[in-house]
Structures are given as structure tokens and as C-alpha cells.
Amino acid sequence: MSAPKKRNFQIEAFKHRVVVDPKYAEKTWKILEHAIHEIYNHNASGLSFEELYRNAYNMVLHKYGEKLYAGLVMTMTSHLKEIAKSIEAAQGALFLEELNRKWTEHNKALQMIRDILMYMDRTFIPSTHKTPVHELGLNLWRDNIIHYSKIQTRLQDTLLELVQQERTGEVINRGLMRNIIKMLMDLCGSVYQENFEKPFLEVSADFYRGESQQFIECCDCGDYLKKAEKRLNEEIERVSQYMDIKSEGKITNVVEKELIESHMHRLVHMDNSGLVNMLVDDKYDDLGRMYSLFRRVPDGLSLIRDVMTSHIREIGKQLVTDPEKLKDPVDFVQRLLDEKDKHDKIISLAFNNDKTFQNALNSSFEYFINLNPRSPEFISLFVDDKLRKGLKGVSEEDVELVLDKVMMLFRYLQEKDVFEKYYKQHLAKRLLSGKTVSDDAERSLIVKLKTECGYQFTSKLEGMFTDMKTSQDTMQGFYAAMGADVADGPTLTVQVLTTGSWPTQSSSTCNLPPEILGVCEKFRTYYLGTHTGRRLSWQTNMGTADLKAMFGKGQKHELNVSTYQMCILMLFNNADGLSYREIEQATEIPAADLKRCLQSLACVRGKNVLRKEPMSKEIAEDDAFFFNDNFQSKFYKVKIGTVVAQKESEPEKQETRQRVEEDRKPQIEAAIVRIMKARRVLDHNNIVAEVTKQLQSRFLPNPVVIKKRIESLIEREFLERDKVDRKLYRYLA
Amino acid sequence: MRKEDTVKLISAEGFEFVVDKKAAMVSQTIRNMLTSPGSFAETEHGEVTFPEITTTILEKICQYFYWSLQYASILYDSGKESEFHIEPELTLELMMAANYLHT
């Protein structure tokens with residue numbers, strides 16, 4: 001017994017049992033041969049396994065192994081030749097079925113033969129390096145059936161034809177297909193690859209080449225993609241049903257190549273239905289299909305991405321350069337946001353939130369937003385509009401949503417400092433006129449700006465909020481201290497603003513009416529009494545006033561006007577008519593502002609509390625103004641010519657631009673000094689590069705300006721040029 | 001014990017041993033005999049005749065089947081050896097039979 005440790009040892013036969021009968025081998029073989037015949041003829045039940053096994057055992061033991069093996073090969077071969085004939089004779093559709101049936105039978109017979117010849121399989125075959133019985137059976141099947149000239153091509157053609165039939169929508173016997181193909185896979189060597197897979201792939205390539213030509217001629221892009229996707233899924237399903245799983249990659253490759261890769265440029269650029277049209281019409285399904293199909297082929301996605309990028313740039317460019325659309329800044333920004341939303345949605349719905357697509361979208365926006373130098377101003381105006389009125393009655397989450405979107409646009413800006421400048425101006429106006437809808441929203445936006453650009457960026461904005469808060473406290477203190485002293489005079493509200501935190505205003509004062517002046521003086525004394533070392537100056541151009549007025553027929557109105565307008569109207573308490581020059585003299589309001597105020601007081605229908613002579617739209621220097629006794633209005637409160645943040649006029653724009661440029665100078669200088677302090681010696685190009693890098697988060701400095709700043713620093717002896725290499729700068733401590 | 005779970009092993013002298021199929025299948029040859037897809041006479045009748053194995057040897061073989069069934073796996077796991085006693089005079093014939101039965 002070989003357990004527990006198995007060792008291979010050969011047992012010599014008994015000497016005395018050596019069979020002397022020379023016909024012994026012949027006789028034994030005849031028995032076995034007969035058994036094989038019987039097995040092939042389904043007659044095995046009468047056979048004794050033990051007897052056959054013993055015979056085979058004895059043959060091998062008595063050195064007739066060679067004879068046994070050769071006999072087996074011969075017998076099996078002759079049987080297979082018979083089988084081949086019967087398969088060949090099968091007509092039409094029966095061919096495959098006959099083949100399948102014979103294959104099953106052969107397998108069964110082979111199993112039995114292997115079992116009775118097991119002893120040979122175990123001892124004789126390994127020692128003589130012959131093919132084991134089972135493999136031998138498969139090889140003989142392959143050589144005699146599959147490679148039989150009258151079967152080989154017929155089999156291949158039949159299989160391919162069936163696949164073709166299935167492709168055209170007919171139903172075929174998939175079980176049979178599966179069995180036959182499984183047979184090809186079971187046979188060793190590359191029978192499956194040679195006899196089926198290779199021709200299958202070739203035929204498929206031809207088929208799809210033709211079909212794709214036909215599709216592309218008569219379908220639009222969306223339909224084509226639908227068809228391609230359907231074909232692809234069909235092939236994958238087909239492989240899973242009755243082919244080697246390894247073929248899946250190969251056949252999908254063929255389909256991808258023929259249906260997608262070779263037509264992808266044509267598809268993307270197809271008139272009226274290509275990628276651009278899909279983007280325009282928000283065809284999420286089609287776009288998603290295109291994405292999932294194109295990602296399968298090399299360069300597919302980058303093609304989509306490139307076309308999308310150039311499309312977005314194109315429409316973006318139109319958007320930001322169309323003078324029609326620049327008229328309304330709020331609308332302009334809203335359009336940008338809509339555009340962004342639209343493409344964000346496309347990317348998330350159709351493009352699988354692909355990071356590279358998001359980056360492409362972002363870079364496109366960055367590209368075209370900065371094409372228009374007024375973008376920062378418009379974005380700030382948009383925020384202004386939203387914070388003034390747009391967000392009334394909107395929930396907190398929605399406010400956050402809008403602000404986040406604005407921040408996203410802000411991120412695209414290269415000139416962030418320009419935005420800051422405008423934002424400061426608009427915020428100042430909002431705060432001073434008390435037009436802010438929500439303090440929370442204001443603060444939330446400032447926090448966002450802070451996280452984006454750092455403390456420096458928002459410190460002044462925060463200072464503005466602090467000023468507003470302290471002013472409130474101061475006013476309370478003032479009235480508490482004065483008490484009855486000021487009770488019957490006009491109510492004064494002062495906002496004390498820290499110089500520097502607020503946008504610098506040309507301090508054009510005007511002469512305040514004596515009633516107001518009195519209260520103002522009292523406040524000044526009070527304020528300077530509580531705070532030492534401060535100076536107060538009145539910013540009359542930024543204030544507002546509420547006036548109560550009685551008109552000719554006794555109707556009372558409350559007029560909400562600016563400080564300038566208040567000064568003008570107060571003059572009419574003492575006179576019914578005044579000329580332009582008289583007003584100018586009395587108030588000393590700068591001419592441009594005065595004209596604007598008079599225009600809004602006298603020329604706007606429904607708000608014309610003054611009457612002008614002669615009646616015209618423009619204010620001329622020799623016009624005369626009268627109190628309008630006949631003024632009528634449905635409302636008790638009348639709002640006149642409020643200071644609304646308007647799109648800047650051309651000269652104002654120039655001015656702001658200049659201020660921005662001016663503000664950049666010290667920033668650039670500071671950056672240069674910081675860099676040089678660390679590096680000591682650096683050449684020109686590197687300085688420019690580093691400065692640009694440092695300031696990138698705020699604006700893109702112009703190299704020419706940087707050069708000028710360097711020169712200025714050299715003049716002031718912060719830096720010097722190297723004596724040998726003129727391109728090198730040294731830092732002078 | 002159901003009949004289909006057992007197999008009858010018949011010695012050269014005609015002595016019958018009824019053993020569990022599970023035990024008999026310790027021999028690869030018998031296993032093949034009983035599981036081969038075609039229905040050989042042995043599978044149908046549930047008996048196998050060994051005209052070249054004597055009763056003594058077949059008895060020893062059957063003992064070994066059960067011993068192996070019980071201990072082979074345990075031995076393998078624990079590494080402990082449990083002796084299967086073989087009388088020296090049987091050794092040669094037993095080994096030949098083992099070769100034949102592929103045990």
C-alpha cells in the first residue's frame with residue numbers, strides 16, 4: 001500500500017507468470033479493441049470494467065504498452081474518420097447539431113476509454129513521454145474532425161454566418177453555438193483562435209466598417225451614437241453568451257475602432273447635430289453616450305474636451321465682447337452664471353464629473369472673463385444688486401448659493417485687486433445708504449473672500465463694518481448726553497468712518513444749512529470730547545436726508561433726498577425762486593454734482609418738487625428754479641434721485657483704472673524687496689517670474705511695470721546692479 | 001446500510017466482501033470503475049470480481065480501506081503515525097494488489 005507516504009515504484013512481474021503464449025498480446029488487444037468498438041457503439045453495459053482494466057494492466061505489465069498505445073491511436077482514428085463522414089453528410093442546419101452530438105459522444109467514450117486504460121495512463125505514458133489518453137483523444141478529434149478539409153471551412157463559415165444572422169436580428173440557437181465554441185476552446189493549441197476568433201474578428205471589422213459608412217451617411221450624430229452603443233452592447237452580450245471571455249476585449253476593440261474611432265472627427269463636427277449642437281441644446285443623454293463611447297478609444301475624450309473648450313471660449317467671447325450685452329452689468333453676470341451652470345450640469349450629468357472636463361471648463365471661463373477688462377466691476381455690481389434687493393425674501397441657503405457662484409466667478413478673475421476696489425466702493429455706498437438687505441450675507445461674502453485671498457484682502461472691508469457698528473454706539477451716546485438740547489432740532493445720524501478703510505473720496509464739502517450746521521457742531525464737540533487726537537471732516541457727498549414738505553394744496557410729503565439735494569431744497573424755505581448761480585453760490589456744491597441733483601429734482605416726472613425755467617431736459621447755467629406748488633404724488637414718501645451704484649462712465653473708469661495701477665506699485669515694490677531680501681542676488685527674468693507668482697492671487701503684474709519698479713528701487717538705493725553682469729541685481733541692506 | 005451505498009468485492013475463490021462504496025473508493029481503480037460515465041457491468045450490478053486476488057489479500061485490502069478512511073486524513077493533519085499492521089508473508093502479494101488497485 002502506498003499510504004501514508006506515496007512513492008512511485010514499479011513492481012516486477014513474477015518470473016514464473018511470464019506468459020509464454022506469443023499470441024497472448026494479440027488476444028488481449030483484440031478484447032480491448034472490441035471493447036472500444038462497443039463503447040463507441042453505445043454498447044458498454046455488457047462489458048466488465050475489471051476485465052478490461054486487468055487486460056490493459058497485464059499488457060502494460062508485460063511490456064506490450066507500445067502495442068496497446070498504437071492500437072488505441074489506430075482504433076480511435078478509424079472511428080473518428082467514420083464520425084467525420086457522418087458529420088460531413090449532415091445537411092444544412094443539422095450540420096452543427098450532428099457535430100455537437102458526436103462531440104458529446106466522443107467525450108463520453110473518451111472518458112470511458114481513459115478509465116479502462118488508466119494503468120497505461122499512469123505508468124506507461126509518463127515513462128515514455130507520450131500524450132495522455134484524454135489529450136490524445138482531443139488531439140485526434142481536432143486532427144480528424146475539425147481540421148478535416150471538408151469540415152474545417154464549413155464549420156467556420158457556418159459559425160460566422162450564424163453570428164451574422166444574429167446581427168441582422170434573427171434568433172439563432174445560442175446553446176448550440178455555445179457548445180460548439182466551447183468545443184473549440186477545449187481543444188488544445190490555438191484551435192479557438194485560429195478557427196473561430198481570428199476570422200470572426202476580421203468579418204466583424206468588415207461588417208462594421210460597411211455599417212458605419214451606411215450609418216454616418218444617413219443618421220445624425222445622436223442616432224449614430226445610439227446605434228453604435230447598441231452594437232457594442234450586443235457584441236459584449238454575445239461574447240458573454242457563447243464565446244471565450246477573453247474575446248470581449250478584442251471584439252469591442254474592433255467595434256470601437258470601426259464605429260467610433262474612424263468616424264469620431266466627423267461625428268463631433270457633424271452639422272446640426274454634432275457636439276456643439278448637443279452642448280447648445282443640453283442633450284444630456286446624447287452627450288453622456290458620446291462620453292462613454294469616446295472614452296473607449298484613444299484621444300476620444302481629448303477630442304470632445306478640445307471641441308467643448310473652443311466652443312465655450314467662443315460663446316464666452318461673444319458674451320463678454322458683445323456691446324449690447326455689456327449695457328446691463330447684472331444681466332451680464334447672470335448670463336455668465338447661467339452659462340457656467342449649464343456646462344456644470346452637462347459635465348455632471350453627461351461627462352461623469354470628469355476632472356479634466358471641469359478643468360477645461362474652468363480654464364475656458366478664466367480665458368474669456370479676463371478678455372473683458374470690466375468683468376471685475378460687473379461682478380461687483382452684480383453682488384451689489386443682489387445684496388441691495390435681489391436677495392429679499394430668499395432663504396439663507398439660496399443666498400449662500402448665489403454668493404458661492406459669485407466667488408467662483410471671482411476665482412476666474414486675474415485682476416482681483418480691481419474687483420476689490422469696486423467692491424469697496426459699492427459696499428461703502430450700500431452701508432452708508434443703509435441699503436444692505438442682509439448683514440449676514442455681507443459678512444458671509446467677506447468670509448469667503450478672506451478664505452480665498454487672505455486677511456489682507458478683506459481687512460479694510462471688515463474695518464468698514466466695525467465703523468458702522470461703532471457709529472451706532474456713538475450716536476446713542478450722543479443723544480443720551482445731549483438729551484433735550486437737540487430734541488427739537490433736526491435728527492442727525494453720523495457715521496464716523498476711518499480714513500483708509502473706506503474708498504477715498506474727493507472731499508468736496510458744501511455749505512450746510514444753518515439748522516443742520518448747529519447739530520453738526522454739537523456732535524463734533526461731543527465726539528472730540530470723548531475721543532482725543534482725532535479729526536472729523538464731513539463727507540457731505542455721501543449722506544442722505546428725509547425732509548417733510550408742504551405743497552400748495554396743503555398736501556404733505558416726506559422727501560427722501562441726498563445731502564446735496566437737501567441743501568438745495570432748504571434754500572427754498574426762504575425763497576420761492578432761485579437762479580442756478582444763486583444756488584451754486586449758496587451751497588458751493590461742485591458743478592457736476594449740482595447739475596445732477598437739480599436734474600433729479602426738477603426734470604423727473606412725478607418727482608419734480610422744483611420747477612425749472614425754461615422747461616428742458618438739460619440743466620444750463622442760466623436756468624432759474626422755483627418751488628413747485630403743484631407737485632402731486634400718490635405716495636406719502638417720495639424718493640428722489642438716490643445714489644445708486646451705476647456702471648461707471650468712461651472717465652470714471654479711467655480714473656479707477658489709474659488708482660488701481662497706482663495701488664499696485666507699492667505692492668509690486670514690496671514683493672520685489674521681499675524676494676531680494678531672501679535671495680540677495682537675482683537676475684532680472686527671475687525677479688519678474690517670482691513677483692508674478694507672488695502677486696498672482698491678486699492680479700497679473702505687467703513686466704514693464706515691474707521693470708519700472710525695480711528701477712525706482714535702484715534709485716532709492718534698495719537695490720543695485722551688479723558691476724560685471726548688468727542683468728544681476730543685488731539687495732542693499 | 002442501503003444497497004446502493006455498498007459494493008460487493010469478490011475474491012478469486014469466490015468469497016464476497018460487502019463494503020461501503022466510500023471505503024472502496026480509496027482505490028482509484030475501483031473509483032473509476034464505479035464512476036465511469038458508461039454503464040459497465042460492475043456499476044450496474046454493484047459487484048466487482050477480482051480473479052487475481054486471493055481471499056486473504058482481499059480481506060486485508062478491505063481492512064486497509066477502512067483504516068485509511070479513518071486515519072489517513074488525521075495522520076496527515078497531526079503528523080502522528082498509526083501503524084497498519086501487515087504480516088510479512090503477505091507483503092509481496094499485497095503490494096502487487098495495491099499497484100493494481102492504485103491505492
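In which helix of chain A do A:E33 and A:K30 both lie, and how many residues apart are they? The legends below answer this and describe further views of the predicted model.

**Figure 1. A salt bridge within helix α1 of chain A****.** Both A:E33 and A:K30 belong to helix α1 (residues 24–40) of chain A, where they stand 3 residues apart, about one turn of the helix. Their side chains form a salt bridge, with a distance of 3.5 Å from N to O. A:E33 has a relative accessible area of 17% and is therefore buried, since buried means under 20%. A:K30, at 46% relative accessibility, is partly exposed.

**Figure 2. A salt bridge between a helix and a loop of chain A****.** The side chains of A:K342 and A:D282 meet in a salt bridge of 2.9 Å, N to O. A:K342 is in helix α16 (residues 329–349) of chain A, while A:D282 is in the loop between α13 (275–280) and α14 (284–294) of chain A, so the pair ties together parts that are 60 residues apart in sequence. A:K342 counts as buried, with 19% relative accessibility. A:D282 is partly exposed, and its relative accessible area is 28%.

**Figure 3. A salt bridge within helix α23 of chain A****.** A:R524 and A:E521 are joined by a salt bridge whose closest N and O atoms are 3.7 Å apart. The two residues lie in helix α23 (residues 514–530) of chain A, 3 residues apart, about one turn of the helix. A:R524 is partly exposed at 23% relative accessible area, and A:E521 is partly exposed at 39%.

**Figure 4. A network of salt bridges in chain A****.** Salt bridges that share partners link A:E166, A:R167, A:R174, A:E235, A:E237 and A:R238 into one network. Over all chains, the count comes to 55 salt bridges.

**Figure 5. The interface of chain B and chain A****.** The contact involves 29 residues from chain B and 29 residues from chain A. Together the two chains bury about 2,800 Å², of which 65% is on carbon and sulfur atoms. On the side of chain B, the residues that lose the most area to chain A are B:F40, B:N99 and B:Y100, together 24% of what that side buries. Across this interface there are 0 salt bridges, whereas 6 residue pairs are in polar contact.

**Figure 6. The side of chain B that touches chain A****.** The elements giving two or more residues to this side are α2 (28–35), α3 (41–45), β3 (47–49), α4 (55–78) and α5 (91–101) of chain B. Of these, α5(B) gives the most, with 7 residues. The residues of this side comprise 15 nonpolar, 10 polar and 4 charged.

Technical notes:
Residues are numbered from 1 along each chain as its sequence is written. Chains are lettered from A and ligands numbered from 1 in the order in which they are written. This is a predicted model: local features need pLDDT of at least 70, side-chain atom pairs count only at pLDDT 80 or more; totals for chains, interfaces and linings use all residues. Side-chain values use heavy atoms; hydrogens and water are left out. A salt bridge is a side-chain nitrogen of Lys or Arg within 4 Å of a carboxyl oxygen of Asp or Glu. Helices (H or I, at least four residues) and strands (E, at least two) are DSSP runs, numbered from the N terminus. Buried means under 20% relative accessible area, exposed over 50%, partly exposed in between (1.4 Å probe, protein chains only). Contact means heavy atoms within 4.5 Å. Buried area is the accessible area (1.4 Å probe) that two parts lose on being put together, summed over both. A polar contact is a pair of N or O atoms within 3.5 Å; within protein, one must be able to donate a hydrogen and the other to accept it, and residues adjacent in sequence count only if both atoms are side-chain atoms. Ala, Val, Leu, Ile, Met, Phe, Trp, Tyr, Cys and Pro count as nonpolar, Asp, Glu, Lys and Arg as charged, and the others, Gly among them, as polar.
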